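Hi everyone, thanks for coming. I'd like to walk you through the inside of a protein today, so have a look at this one with me.

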Amino acid sequence: MPAAHPLDRDNVRDALDAFDSRRLPLDGRRHAAVVVAVLDDGNGNPVMPLTRRPTRLRAHPGQFALPGGRLDEGEQPEEAALRELHEELGIDLGPESVLGRLDDYITRSGYVMSPFVVWSDIAVSDLKPSPDEVDVLFAVTTDELDVDPRFVTIPESDKPVIQWPFRGHLVHAPTAAVVYQFREVVLRRRATRIDGLEQPVFAWR
């Protein structure tokens, strides 16, 4: 019997169960949630949806992003993650689809970002991306996830800036940091932290 794919539901859940994800206090910051979703490419292969934001948006135009956004008043981060997934990609999943969390990440724009990992056998081709928030939808393969990032130094920070190579582009933190930790924890089974990873200066606003 062939071994299960590292991104099948049980393997993802087991990897996240074994990982002690960190929560961070808001300390006056705003709270946001993002989603690392594992879906189907239509042929039984797991893929992760990644978006590129429209260039007309006021916040982070044209940047690569995971589905996500700011919490509404009184909303729990898990609820916000699933709501944003529905609003951006048209996929309506319940709390049972959430397999675990990754580390909270503090952004330079003043957010504590809480990443949630969800799993569904829905096909990426069945998604209905919102044109208001998604310019391009990518289905990231396991091989594309499992690449070594680049770490570069900048004079403005003691922390290295992470860059994730993806289809001829370099994706930056916070997205790159979350994707990197997902790769490390789930694909490599390494409890790698991301609090020491920096964003590029252009994202410091």
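Let's start with a puzzle: which element gives the most to the lining of the largest cavity? Keep in mind while you look that this is a predicted model.

Okay, it's helix α4, with four residues in that lining. The cavity itself holds about 40 Å³ of space, and the structure has one cavity of 30 Å³ or more. If you want to find the cavity on screen, pick out its lining: Leu145, Val147, Pro149, Trp164, Ala176, Val179, Tyr180 and Arg183. Sorted by class, that makes seven nonpolar residues, no polar ones and one charged.

Now, the cores. In soluble globular proteins, nonpolar side chains tend to be buried together. Here, the largest nonpolar core has 37 residues. Met48, Leu50, Leu102, Trp164 and Phe182 are the ones with the most contacts inside that core. Who supplies the residues? At least two each come from α1, β1 (30-40), β2 (46-52), β7, β8 (136-140), β10 (157-166) and α4. And α4 turns up again, because I have to tell you that the largest share, nine residues, comes from this helix.

Let's zoom in on Leu102. Leaving out residues up to four places away in sequence, Leu102 touches Leu16, Phe19, Ser21, Arg22, Val36, Pro115, Val117, Val178, Gln181, Phe182 and Val185. Apart from the largest core there's another one, of 19 residues, and Leu71, Ala81, Val98 and Val118 are among them.

Next, helix α1, which covers residues 9-17. Which of its residues are buried? Val12, Ala15 and Leu16. These three cover an arc of only 95° around the axis, so they sit on the same side of α1. And what do they pack against? The partners are β5 (98-101), β7 (111-123) and α4 (175-187).

Last stop: the second largest pocket. There's about 240 Å³ of space in there. It has 15 lining residues, and the closest to the centre are Tyr105, Ile106, Lys159, Ile194 and Asp195. How does the lining divide by class? Five are nonpolar, two are polar and eight are charged. Put that beside the lining of the largest cavity, with its seven nonpolar and one charged.

That's my tour. If you take one thing away, remember α4: it gives the most to the lining of the largest cavity, and it supplies the largest share of the largest core. Thanks, and over to you!

Conventions: Residues are numbered from 1 along each chain as its sequence is written. This is a predicted model: local features need pLDDT of at least 70, side-chain atom pairs count only at pLDDT 80 or more; totals for chains, interfaces and linings use all residues. Side-chain values use heavy atoms; hydrogens and water are left out. On a 1 Å grid over the protein atoms alone, a cavity is a set of points where a 1.4 Å probe fits but cannot get out, and a pocket is an open set with protein on both sides within 12 Å along at least five of seven lines; lining residues have an atom within 4 Å of a point. Grid points are joined across faces, edges and corners, and a volume is the space filled by probe spheres set on the points. Ala, Val, Leu, Ile, Met, Phe, Trp, Tyr, Cys and Pro count as nonpolar, Asp, Glu, Lys and Arg as charged, and the others, Gly among them, as polar. Buried means under 20% relative accessible area, exposed over 50%, partly exposed in between (1.4 Å probe, protein chains only). The arc is that of the directions from the helix axis to the C-beta atoms. Contact means heavy atoms within 4.5 Å. A nonpolar core is a set of buried Ala, Val, Leu, Ile, Met, Phe, Trp, Tyr and Cys residues joined through side-chain atoms within 4.5 Å.
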